[in-house]
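Please look at the sequence and the model below, and follow the two chains from the surface they share into their interior. The paragraphs after them take up charge pairs, the interface, the core and some single residues in turn.

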Amino acid sequence: MTGVLTIGRRREEKAAATVRRTRPRRAARPPWQEPPTAAGQTAKGVTLGGVLAVIVVPLWIIVVTSFSTQAAINRAGGLVIWPDGLTTEAYREMLGDPTVRTALLVSLGITAVGTALSMVVSILCAYGLSRSRSLGHRFLLVLLIITMFVSGGLIPSFLVVTGLGGYDQWWALILPSAVSVFNILVLRSFYSDTSADLIEAARMDGAGDWRILWSIVLPTSRAVTAVIALFYAVGYWNSFFNVMLYMPTDSPKWPLQYVLFTYVNRGNGLPGSVNSGFGTAHAQTAPLSLQMTVVVLTLVPLLIVYPFMQKHFRAGVLTGAIKG
Amino acid sequence: VSTAGSERVARPVRLSWRIRLRRDRSLLLMAVPAVVLLVVFNYVPLFGLVTAFQYYDPLAGVWHSDWAGFDQFRQLFGDPLFWEALNNTLYLSFVQLILFFPIPIALALLLNSLLSQRLRNFIQSVVYLPHFISWVLAITIFQQMLGGAGVLNQFLRGHDIGIWDIMSNPHTFALLVTSQAIWKEAGWGIIVFLAALAAINTDLYEAAAADGAGSFRRMWHITLPGLRGVIMLLLVLRLGNALTVGFEQFLIQRDAVGHDAADVLDTFSFYYGIATSNYSYGAAAGLFKSVISLLLIWGANKLAHVFGTDGLYRR
């Protein structure tokens with residue numbers, strides 16, 4: 001059970017590095033493969049094009065609508081597909097709106113604090129359990145893995161958190177989900193892989209475990225650290241149900257996802273009868289563009305970070321995934 | 001079993017635990033914060049499951065609440081809403097297994113057949129993206145596309161065809177949530193299959209082609225056997241999680257389609273346990289789910305062993 005995760009690692013990373021250096025060119029078809037048929041190529045193109053469109057087009061429509069003038073929205077009868085009169089009015093309005101601005105700051109704060117805490121705890125634990133033959137590491141590992149299969153469920157967790165005074169507290173959105181055993185196991189499998197010779201040499205030179213972790217193990221596993229940080233950050237940024245559970249009524253403390261849920265998801269209706277939920281102060285601007293602005297604001301941090309991260313998914317950090 | 005002997009030979013002299021404790025104390029110290037968090041937020045709630053056998057009173061707490069024996073369960077099994085939620089859960093699980101499961105495999109095969117590495121990388125980046133989008137956001141996007149005021153109905157109204165509100169129709173709800181799940185997770189799901197495909201020795205294809213095997217037979221005799229292990233593993237996990245079909249997704253859409261279509265076991269615990277402060281009742285439903293899930297994981301794993309694959313752990 002110890003090797004719950006076997007991860008594609010160095011070999012693939014090295015391969016990916018060389019690929020990046022030599023600029024990927026169009027690989028030749030291997031000689032034994034039949035030449036592609038026109039029908040086959042078309043079917044492939046249409047399928048993949050469809051897959052991409054299903055993901056990209058909705059995001060495009062939402063972004064365009066958020067930048068559209070009320071006139072453009074009226075002309076389109078709702079969501080705007082082709083840009084037709086653009087303005088940043090909705091963004092200025094939304095960032096000036098105390099509800100949305102506070103929510104944005106709350107979301108950023110929870111994500112930053114939560115991710116930092118999760119990373120410190122997970123990295124320490126992953127390294128602490130990664131040295132084979134250390135005292136008790138097998139027992140602790142089993143203790144961790146059990147939680148992946150057995151859980152008390154919703155109600156007992158709720159009772160524990162509220163029993164500790166977590167109702168309406170920020171930490172209720174962070175601490176209960178601060179540790180992901182899956183992420184620890186991914187990190188651990190990388191750390192176990194760090195060259196034993198290197199570590200032994202450092203130990204001979206008098207380096208303790210803290211020093212080894214900081215100066216040898218961490219610098220050699222930057223890619224996996226980045227990916228795990230992204231996983232945690234996305235988890236905190238997207239956290240929604242915990243808010244519903246622990247601070248459903250205290251709206252000034254709501255993060256952006258909950259504001260999105262309350263004002264956009266619940267305020268949905270036909271254009272013209274839309275109840276934007278942002279009060280009458282915004283009556284003069286397009287409620288729909290305001291709603292779409294909240295959607296885009298919720299999406300933007302991800303779109304900023306994602307391009308830097310996605311190359312690591314390819315570089316084989318997570319490819320091996322789960323294996324017996 | 002076979003490695004036990006060699007391990008015994010390789011193992012160095014056993015140190016006493018005192019010496020090992022002194023040697024490994026910083027390693028143990030490092031594990032402490034994570035272990036403490038897990039104990040507080042995962043293990044303590046496990047003991048909190050005793051509330052399922054109580055008439056839990058928040059003022060009295062776990063220690064002083066009255067014992068109920070199996071009363072909560074008797075009430076649960078006589079509750080038509082509970083059976084409705086269980087029924088929905090199993091039905092949605094089944095629909096997702098049939099409609100969702102093959103898609104990442106097909107997509108991975110398709111992607112793997114592309115020759116241009118750059119195009120492959122680009123498509124991967126795009127299809128992984130929805131995995132990182134929250135359920136609130138994903139459902140809002142669906143609402144804006146397919147809802148009563150969405151793009152689809154804008155078009156239909158514009159052409160006087162009438163309105164087709166997919167988002168609040170309980171009869172097609174199973175298809176709706178499955179397509180949402182596919183939109184959000186199918187792309188991410190291809191990662192494991194791509195890794196398995198990359199591990200297949202390409203010499204096999206060449207040899208098979210030299211022996212006159214067409215592309216279909218190569219797929220049948222080389223590619224699919226290469227994916228067998230991963231497919232079995234994911235099937236085992238899916239079966240073991242048959243009672244977990246998603247939570248926020250249903251919570252968010254329950255108001256639109258009604259509880260008779262959207263209540264699953266997890267939302268049942270929430271609505272009839274926490275929202276009504278009927279904690280013991282919700283805990284009983286949760287315990288029921290946990291026990292059945294454990295049995296399912298165990299059973300699915302046995303099944304995998306019967307089929308000669310590893311399953312979750314090796315025999």
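A salt bridge is here a side-chain nitrogen of Lys or Arg within 4 Å of a carboxyl oxygen of Asp or Glu. By that rule, the count between chain B and chain A is zero salt bridges, although a search of the whole structure, which is a predicted model, finds eight over all chains.

What, then, does the interface of chain B and chain A consist of, if the count of salt bridges is zero? Chain B brings 99 residues to the contact and chain A brings 103 residues, and the two chains bury about 8,700 Å² between them, with 75% of that area on carbon and sulfur atoms. On the side of chain B, B:Met30, B:Phe41 and B:Phe132 supply 9% of the area that this chain buries against chain A, more than any other three residues. Helix H2 of chain B, spanning residues 17–48, gives the most to the side that touches chain A, with 24 residues. Sorted by class, that side of chain B has 63 nonpolar, 25 polar and 11 charged residues. Polar contacts are nevertheless found across the interface, where the rule gives 11 residue pairs, both members being at pLDDT 80 or more.

The interior can be approached through a general tendency: in soluble globular proteins, nonpolar side chains tend to be buried together. In this model the largest nonpolar core has 178 residues, and the members that touch the most other members are A:Tyr191, A:Phe313, B:Tyr128, B:Phe132, B:Phe193 and B:Phe270. Helix H10 of chain B, residues 173–198, contributes the largest share of this core, 13 residues. B:Phe132 therefore appears twice in this account, since B:Phe132 is among the core members that touch the most others and is also one of the three residues that supply 9% of the area chain B buries against chain A, a buried area being the accessible area that two parts lose on being put together. For A:Tyr191, the partners beyond four places in sequence are A:Ile123, A:Ala126, A:Tyr127, A:Ser130, A:Arg131, A:Val217, A:Leu218 and A:Ser221. Chain A as a whole has 15 helices and zero strands, and 49% of its 324 residues count as buried. Among contacts in chain A between residues at least 6 apart in sequence, 73% join residues at least 24 apart.

Helix H10 of chain B also holds B:Thr178 and B:Ala181. B:Thr178 counts as buried because its relative accessibility is 1%, and a polar atom of its side chain lies 2.6 Å from the backbone oxygen of B:Ala174. Beyond its neighbours within four places in sequence, B:Thr178 is in contact with B:Val95, B:Gln96 and B:Leu99. B:Ala181, with a relative accessible area of 7%, is likewise buried, and, with neighbours within four places in sequence left aside, B:Ala181 is in contact with B:Gln96, B:Phe100, B:Trp135, B:Ala186 and B:Gln249.

Side chains of opposite charge can pair when their charged atoms come close. In chain B, B:Asp263 forms a salt bridge with B:Arg254, the closest N and O atoms being 2.8 Å apart; B:Asp263 counts as buried because its relative accessibility is 1%, and B:Arg254 counts as buried at 12%. Another salt bridge joins the side chains of B:Arg23 and B:Asp24 at 3.1 Å, N to O, where B:Arg23 is partly exposed with a relative accessible area of 44%, whereas B:Asp24 counts as buried at 4%. The side chains of B:Glu185 and B:Lys184 meet in a salt bridge at 3.4 Å, N to O, and here B:Glu185 counts as partly exposed at 23% relative accessibility while B:Lys184 is buried at 5%.

Two loop residues of chain B deserve a look at their backbone. Most residues other than glycine have a negative phi. B:Asp160, not a glycine, has a positive phi of about 55°; B:Asp160 is found in the loop between helix H9 (151–158) and H10, and counts as exposed because its relative accessibility is 74%. B:Ser277, not a glycine either, has a positive phi of about 55°; B:Ser277 is found in the loop between helix H15 (265–274) and helix H16 (279–306), and is partly exposed, with a relative accessible area of 45%.

Methods:
Residues are numbered from 1 along each chain as its sequence is written. Chains are lettered from A and ligands numbered from 1 in the order in which they are written. This is a predicted model: local features need pLDDT of at least 70, side-chain atom pairs count only at pLDDT 80 or more; totals for chains, interfaces and linings use all residues. Side-chain values use heavy atoms; hydrogens and water are left out. A nonpolar core is a set of buried Ala, Val, Leu, Ile, Met, Phe, Trp, Tyr and Cys residues joined through side-chain atoms within 4.5 Å. Buried means under 20% relative accessible area, exposed over 50%, partly exposed in between (1.4 Å probe, protein chains only). Helices (H or I, at least four residues) and strands (E, at least two) are DSSP runs, numbered from the N terminus. Contact means heavy atoms within 4.5 Å. Buried area is the accessible area (1.4 Å probe) that two parts lose on being put together, summed over both. A polar contact is a pair of N or O atoms within 3.5 Å; within protein, one must be able to donate a hydrogen and the other to accept it, and residues adjacent in sequence count only if both atoms are side-chain atoms. Ala, Val, Leu, Ile, Met, Phe, Trp, Tyr, Cys and Pro count as nonpolar, Asp, Glu, Lys and Arg as charged, and the others, Gly among them, as polar.
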